[in-house]
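Please walk through the strand pairing and helix packing of this model with the structure open beside the text. The sheet comes before the helices.

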Amino acid sequence: MKDSIYVSKENYLKAILEAEAEGRQVIPALLAHWLEVSAPAVTMALKRLKRDGLVQVSADGIVHLTSAGRETAYRTALRHHLVERMLTEIFGMEWHEIHEEAERLEHAVSPAFEAKLKEKLGEGGACPHGNKVLPESPAERKRRGETPLSEAVEGRRYTVVSLDERDPKLLRFLRTTGIGPGQSLLVRTQNYDQTVSIELPTGNSILGRPAGEAVWLRPEKQGTGSRKQGSGTGAKDQGTGNGAP
Ligand SMILES: [Zn+2]
């Protein structure tokens with residue numbers, strides 16, 4: 001558990017905004033879990049954020065951002081996004097190494113540096129985990145034709161679109177397993193014990209529920225076996241349309 005001193009106001013605001021963007025109801029327990037802090041630390045932080053006019057807590061205990069809170073939260077999320085892209089696109093760091101680095105650096109970006117990063121990288125792109133500035137709700141993603149690995153269809157081939165990047169340990173696990181954005185994989189079976197068996201170019205793997213829910217996929221255009229091409233070529237198909245708006 002982290003010392004509350006190291007979890008800044010910006011981290012709280014960003015976590016609230018991200019949770020809202022994912023369509024969750026933000027309660028103090030969720031913040032304690034996400035930020036790895038104690039319940040009393042969250043209570044204290046929320047008191048300060050309320051005093052500063054950045055959040056409101058409704059009678060049923062749901063935390064809401066005020067417009068000032070939302071602005072700070074978005075700015076922090078944007079800086080996180082830009083720093084991640086800077087670390088990979090400019091410095092060549094890999095996607096499993098950068099999330100924590102970006103967590104530290106996002107607080108040090110000045111408005112002038114932010115403007116430079118935006119100019120250099122553009123604002124609309126995806127981070128190396130395949131995510132936009134703010135996460136989207138599962139419903140929105142499904143409407144676009146994406147599916148979490150935990151719900152993918154047996155026997156079908158998919159390309160990994162994005163990874164839930166909140167948990168660095170999960171990112172390292174996925175990396176070790178051989179799963180990253182752009183990777184092509186075949187879903188073999190959805191198992192009774194809520195695991196999923198997949199086939200990767202490196203071999204077969206079985207993933208549990210938490211990993212299965214953190215990996216978002218897009219079906220590859222040609223169904224299994226309808227095109228006699230080796231596995232691994234699917235990565236290049238990513239972002240070439242597929243009927244997405
Ligand atoms: Zn990212």
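**Strand pairing and helix packing**

T189 stands opposite S197 in β6. This is read from a predicted model, as is everything below. The two strands concerned are β5, residues 184–190, and β6, residues 196–200, which pair in the antiparallel sense over 4 bridges.

On the other side of the pairing scheme, β6 also meets β7, again in the antiparallel sense, over 5 bridges. Here V196 stands opposite L207 in β7. The connection between these two strands is a hairpin, with 2 residues between β6 and β7.

What is the order of strands in the sheet to which these belong? The order is β3-β8-β4-β5-β6-β7, an open sheet of 6 strands with antiparallel pairing. Strands of a sheet pair through backbone hydrogen bonds, and the pairing may be either parallel or antiparallel. The edge strands here are β3, at 147–148, and β7, at 203–207, each of which pairs on one side only. The hairpin of β6 and β7 therefore includes one of the edge strands, β7, given that strands count as paired when at least two bridges are found between them.

Turning to the helices, α2 covers residues 28–35 and α3 covers residues 39–51; their axes come within 9 Å and cross at roughly 110 degrees. That angle makes α2 roughly perpendicular to α3, because angles of 65 to 115 degrees are classed this way. The crossing of α2 past α3 is right-handed. On the α2 side the contact is made by P28, L31 and A32, and on the α3 side by A39, V42, T43 and L46. By residue type, the contact of α2 with α3 divides into 6 nonpolar, 1 polar and no charged residues.

A second helix pair is formed by α1, residues 9–21, and α4, residues 67–90. Their axes lie 8 Å apart, and the packing angle is about 95 degrees. Are α1 and α4 roughly parallel or roughly perpendicular to each other? With that angle, α1 and α4 are roughly perpendicular. Helix α1 contributes E10, L13, K14, I16, L17 and E18 to the contact, while α4 contributes G69, R70, T72, A73, Y74, T76 and A77. The residues of this contact of α1 with α4 divide into 6 nonpolar, 3 polar and 4 charged. Charged residues are thus part of the contact of α1 with α4, whereas the contact of α2 with α3 has no charged residues.

Key
Residues are numbered from 1 along each chain as its sequence is written. This is a predicted model: local features need pLDDT of at least 70, side-chain atom pairs count only at pLDDT 80 or more; totals for chains, interfaces and linings use all residues. Axes are lines fitted to C-alpha atoms, for helices over the stretch in contact, and angles run from 0 to 180 degrees between N-to-C directions. Angles under 35 degrees count as roughly parallel, over 145 as roughly antiparallel, 65 to 115 as roughly perpendicular and the rest as oblique. Two residues are in contact if their C-beta atoms, placed from the backbone, lie within 7 Å. Ala, Val, Leu, Ile, Met, Phe, Trp, Tyr, Cys and Pro count as nonpolar, Asp, Glu, Lys and Arg as charged, and the others, Gly among them, as polar. A crossing is left-handed if the near helix is turned anticlockwise from the far one by less than a right angle, and right-handed if clockwise.
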